[in-house]
Amino acid sequence: MTQTDTLAPRPALPWIRLDGPEPFVEGRLCRACGARTAATHLACPACGARDSIETYRAPTTGKLLAYSIVRRSYPGVPVPFISAIVDLDDGLTLKGNLINVAAEPQALPVGMPVRMVFGDALGRTDKDGASYVAFFFEPSA
Amino acid sequence: MSENVYILGIDMLKFGKYPDRTFAQLGGEAALLALDDAGLGVHDVQAMYCGSVFGAYDMTGQAIMREIGQTGIPVTNISNACATGASAFREAWIAVKSGLYDVVLAVGVEKMPRGMLGAGHETGISLEGLFGSASMPAVFAESGMEHAGKYGTTFEQFAKVSVKNHHHSTMNPKAVYQKETPLEEVMGSEMIAYPNTKLMCSVNVDGSAAAVVVSEKKARELGLTRAIRVLASALASDPWNPRNPIMPDVNGCTQLAAKSAYEQAGIDPLDVSLVELHDCFATAELLHYENLQLCGLGEAGRLIDEGVTALGGRVPVNVSGGLLSKGHPLGATGIANMYEVALHLRGEAGARQVPGAKIGLTHVVGLGTASAVHLFEKA
């Protein structure tokens, strides 16, 4: 067995947690003002409160806010893909690939209900050979 | 403190590719042109601010002084994304407004790397195409589609922005392109990131622009004939927005800067005769009609349909051709916008002259985020 085979998958974003039974996104909620973010900050970016942030498990359902159908990206990046901005039901906003839907404007009404699914990061591995876990969105209706 | 601050001289190089010229040569040439326009020389300049995104780390401002005369004045290099040139100008304005100096030079210069610009942080793997796209065409496409979702703005309305700005540039010899692009050509060109086609993306070029900023005292001493009064200089960073920076917010920051500028100048948005705004992508221009209060929320699509923002309309926008057709060398763009407005206020814009232009507005916004809005009038 090579070392590569023994490496545990890693989270592709810092706010993806892999230490539970299922992967999930860990959000941050400010107790002082109710602002929600995915990233960590020294103080709340909305109100400036310190020591006010608690973590929580983000919901996996939300609505499509905006998207772009990307047909040219950086060299080597497979296209097309749908770059989507999703407002989760609790108000946390995430960006991800929207999958299992046609890459056509007619198939992508704004406000469309979507759910978050987790999976391998499209086969991408790092210099150690480790694989990664990412989230994607797909239509839920 | 100087009661008023003026642009006495301003100029730019034609935007384009300058592979054989250095940052310092490009910036220095624009600086000399601006000094000539002001009727001043390098020995009159008391301080200099140099804006450059890709040259700021390399002490480009000082290198420009080696090109035009090393007088030992204070030189500061500024990098502030696409607001870089306007930020350098604003530092010059502050330096004169404070009363510390009477003559300050602001230069914006850029040599652009090849390819598509983007942000995006890396973990151990590339995230592009894994969590959507961080490329600029896609990011600004998403901002446009948010507007489309709210107000029903269409692909065709976004495309009309490119038709208009490319048309304007046919009258601007300093634009990189002078070519008409009919609607079918804009909508039918290579789709980069829906709804932004290739002709709806700004042009990656090199370039430079410079302005000589002077005090009330100096302007009166040298004569106000061609002076441009700075009515307002506003700079904002991105205020809290729950979706930013997952979805970069170019609106909140622009709205803040615009509000501050109108307040400083004590004018109504309807008083503005022409606007040079940050059309880095066609989708962005429509958002900024509303952000800059040229119309109400949701009315931007109607403005482009009715020709309100075309040359001949109520408030012509980007008569220079804009970033879409004049070109977008990041650090130079902000001052080049001011050059365009100055031409119109002086009545020197030739075929594309906005008749009777009294007040001009310039706007830039760089992701990360920085937005600058300036207001000018003929002295």
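How many of the 141 residues of chain A count as buried? The share is 33%, where buried means that 20 or more other C-beta atoms lie within 10 Å of the residue's own, exposed means 12 or fewer, and partly exposed lies in between, with C-beta atoms placed from the backbone.

Before you start clicking, here is how to read the tour. This is a predicted model, in which local features need pLDDT of at least 70 and side-chain atom pairs count only at pLDDT 80 or more, while totals for chains, interfaces and linings use all residues. Residues are numbered from 1 along each chain as its sequence is written, and chains are lettered from A, with ligands numbered from 1, in the order in which they are written.

The predictor gives the complex an ipTM of 0.94 and a pTM of 0.96. If you colour by pLDDT, the predictor's confidence in each residue from 0 to 100, chain B has a mean of 96, with 98% of its residues at 70 or more.

**Stop 1: chain A**

Select chain A. Its C-alpha trace spans about 45 × 45 × 30 Å along the principal axes. You should find 1 helix and 10 strands; helices (H or I, at least four residues) and strands (E, at least two) are DSSP runs, numbered from the N terminus. Starting at the N terminus, the elements read α-β-β-β-β-β-β-β-β-β-β. Two residues are in contact if their C-beta atoms, placed from the backbone, lie within 7 Å. Of the contacts in chain A between residues at least 6 apart in sequence, 48% join residues at least 24 apart.

**Stop 2: where the chains meet**

Now show both chains. Here 41 residues of chain A are in contact with 29 residues of chain B. On the chain A side, strand 6 (61–70), strand 7 (81–88), strand 8 (93–98), strand 9 (113–125) and strand 10 (131–139) each supply at least two residues. Strand 6 of chain A gives the most, with 6 residues. By class, the chain A side has 25 nonpolar, 9 polar and 7 charged residues; Ala, Val, Leu, Ile, Met, Phe, Trp, Tyr, Cys and Pro count as nonpolar, Asp, Glu, Lys and Arg as charged, and the others, Gly among them, as polar.

Keep strand 6 of chain A selected and add strand 5 (residues 191–194) of chain B: the two pair in the antiparallel sense over 2 bridges. Strands are said to pair if DSSP finds at least two bridges between them. Zoom in on A:Ile69, whose bridge partner in strand 5 of chain B is B:Tyr194.

**Stop 3: the sheet of chain B**

Hide chain A and look for an open sheet of 9 strands in chain B, with mixed pairing and the order 3-2-4-7-1-8-11-10-9. Its edge strands are strand 3 (75–78) and strand 9 (274–276), each pairing on one side only.

Select strand 1 (residues 5–12) and strand 7 (residues 207–215) of chain B, which run antiparallel and are joined by 7 bridges. In this pair B:Tyr6 stands opposite B:Val214.

Next, move to strand 10 of chain B. 7 of its 8 residues are buried, so strand 10 of chain B is largely enclosed by the rest of the structure. Strand 9 of chain B runs parallel to strand 10, joined by 3 bridges, whereas strand 10 and strand 11 of chain B pair in the antiparallel sense over 8 bridges. B:Leu361 is a handy residue to centre on: B:Val275 is its bridge partner, and B:Leu375 in strand 11 of chain B stands opposite B:Leu361. The hairpin of strands 10 and 11 of chain B has 3 residues between the strands, and B:Gly368 there takes a positive phi near 140°.

**Stop 4: helices of chain B**

Select helix 8 (residues 251–265) of chain B. Its buried residues include B:Cys253, B:Ala257 and B:Tyr262. Their cover includes strand 8 (228–237), helix 9 (282–291), strand 10 (359–366) and strand 11 (370–378) of chain B. Following helix 8 of chain B is B:Gly266, with a positive phi near 65°.

Then pick helix 4 of chain B. 13 of its 16 residues are buried, so helix 4 of chain B is largely enclosed by the rest of the structure. Just after helix 4 of chain B, B:Gly152 takes a positive phi of about 80°.

Finish at B:Leu343 in helix 12 (residues 330–345) of chain B. B:Leu343 is buried, with 24 other C-beta atoms within 10 Å. Leaving aside neighbours within four places in sequence, B:Leu343 is in contact with B:Glu348 and B:Ala349.
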